[in-house]
Amino acid sequence: MVRDNNNPGGSSRSRRPYRSFPTILYEMVDDPSTDSMISWSESGKSFIIWNQPEFSNNVLPKYVKLRNDMSIFKTFGFRKVDSERWEYANDDFVRGKPELTAEIQKRFMATVPPEVFVCKNAAKAARDVERVRALAMAMKERALAKNLSNLTL
């Protein structure tokens, strides 16, 4: 249990720290117990999936909630090194340097400037405000019409 200091009531709740997919992948590749399915290449600059069906059905689901979708590697900028086998590399995925995984981002997120998200969210917020204003105006008009009809009786 982790104490929640932001909660004035002082209650505690369990919290799992966020770990990115590249960090989790690094742990999988670096774990000697998974070497029969996934391990570092000899150079340590790539990893090899030795048993793809077993890896995607038994190992990957233990670490992350994903479908058996091997395209996740491409999403994070890993490139296939060897067409004959399941070997992938990324410049920031190197044996002995787990801190580099923090540099790996989803390709989509890495190519889109943050301003796009700010503008997109601002536009949505502006639309939401207009909807609320229109709804409030309609409610006022209904209340006014009801009051007028009560006065005429």
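A nonpolar core here is a set of buried Ala, Val, Leu, Ile, Met, Phe, Trp, Tyr and Cys residues joined through side-chain atoms within 4.5 Å. Keep that in mind for these close-ups of a predicted model.

**View 1. The largest nonpolar core, with its 22 residues.** Phenylalanines turn up a lot among the residues with the most contacts inside this core: F21, F47, F55, F73, F78 and F93 are on that list, and so is L25. At least two core residues come from each of α1 (21-30), β3 (38-40), β4 (46-49), α2 (52-63) and α3 (72-75). The top contributor is α1, which puts in six.

**View 2. Helix α1 and what covers it.** Why call this helix largely enclosed by the rest of the structure? Because seven of the 10 residues of α1 are buried. Those are F21, P22, I24, L25, Y26, M28 and V29. Their cover includes two strands, β3 and β4, along with the helices α2 and α3.

**View 3. The surroundings of F93.** Setting aside neighbours within four places in sequence, F93 touches P22, L25, Y26 and V29, which are also among the buried residues of α1. The rest of its contact list runs W40, G44, K45, F47, F78, T101 and I104. Of these partners, L25, F47 and F78 also sit on the list of residues with the most contacts inside the largest core, as does F93 itself.

**View 4. The β5-β6 hairpin.** Strands β5 (residues 79-82) and β6 (residues 86-89) run antiparallel and pair over three bridges. Look across from K80 and you'll find Y88 of β6 opposite. Three residues lie between the two strands of this hairpin.

Notes:
Residues are numbered from 1 along each chain as its sequence is written. This is a predicted model: local features need pLDDT of at least 70, side-chain atom pairs count only at pLDDT 80 or more; totals for chains, interfaces and linings use all residues. Side-chain values use heavy atoms; hydrogens and water are left out. Buried means under 20% relative accessible area, exposed over 50%, partly exposed in between (1.4 Å probe, protein chains only). Helices (H or I, at least four residues) and strands (E, at least two) are DSSP runs, numbered from the N terminus. Contact means heavy atoms within 4.5 Å. Two strands pair if DSSP finds at least two bridges between them.
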